[in-house]
Amino acid sequence: MTKDISWEDAEEIGIQLQEKFPDLDPLTVRFTDLHRHVIELPGFTGDPKASNESKLEAIQMAWYEEYKDNQ
């Protein structure tokens, strides 16, 4: 069963993005692409219009931490 996630779940989103894109350096991803990747995740229930730079930055940093741990 997929857990519901939203913009506030940066750590969980970071984990899922690392699993989905293991070879992609998160620091090279534009925020427009990051936004698309997040809203396409299974279980994402957040409002696509409710994102902002701060939330995307938190997700990018959480993803980057997962990325570093797996290199």
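**Exercise 1.** In this predicted model, decide whether tyrosine 67 counts as buried or exposed, then do the like for tyrosine 64.

*Solution.* Step 1: tyrosine 67 has a relative accessibility of 14%. Buried means under 20%, so tyrosine 67 counts as buried. Step 2: tyrosine 64 has a relative accessible area of 22%. Partly exposed lies between the limits of 20% and 50%, so tyrosine 64 is partly exposed.

**Exercise 2.** State how many aromatic pairs the whole structure holds, and classify the pair of phenylalanine 21 with tryptophan 63 and that of tyrosine 64 with tyrosine 67.

*Solution.* Step 1: a search of the whole structure gives three aromatic pairs. Step 2: for phenylalanine 21 and tryptophan 63, the centres are 6.1 Å apart and the planes make 45 degrees, a tilted pair. Phenylalanine 21 sits in the loop between α1 (10-20) and α2 (31-39), and tryptophan 63 in helix α3 (residues 53-69), so this pair links parts of the chain 42 residues apart. Tryptophan 63 is buried, at 0% relative accessible area. Step 3: tyrosine 64 and tyrosine 67 have centres 6.2 Å apart and planes at 25 degrees, which makes the pair stacked, since stacking requires under 30 degrees. Both lie in helix α3, three residues apart, so about one helical turn separates them.

**Exercise 3.** Identify which element gives the most to the largest nonpolar core, and list the contacts of leucine 17 beyond four places in sequence.

*Solution.* Step 1: the core has 14 residues, and Leu17 is among those touching the most other members. Step 2: α1, α2 and α3 each give two or more residues; α3 gives the most, with four. Step 3: outside its neighbours within four places, leucine 17 contacts Leu34, His37, Val38, Leu41, Ile59 and Trp63.

Conventions
Residues are numbered from 1 along each chain as its sequence is written. This is a predicted model: local features need pLDDT of at least 70, side-chain atom pairs count only at pLDDT 80 or more; totals for chains, interfaces and linings use all residues. Side-chain values use heavy atoms; hydrogens and water are left out. Rings of Phe, Tyr and Trp (its six-membered ring) pair if their centres lie within 6.5 Å; planes under 30 degrees apart count as stacked, over 60 as edge-to-face and the rest as tilted. Buried means under 20% relative accessible area, exposed over 50%, partly exposed in between (1.4 Å probe, protein chains only). A nonpolar core is a set of buried Ala, Val, Leu, Ile, Met, Phe, Trp, Tyr and Cys residues joined through side-chain atoms within 4.5 Å. Contact means heavy atoms within 4.5 Å.
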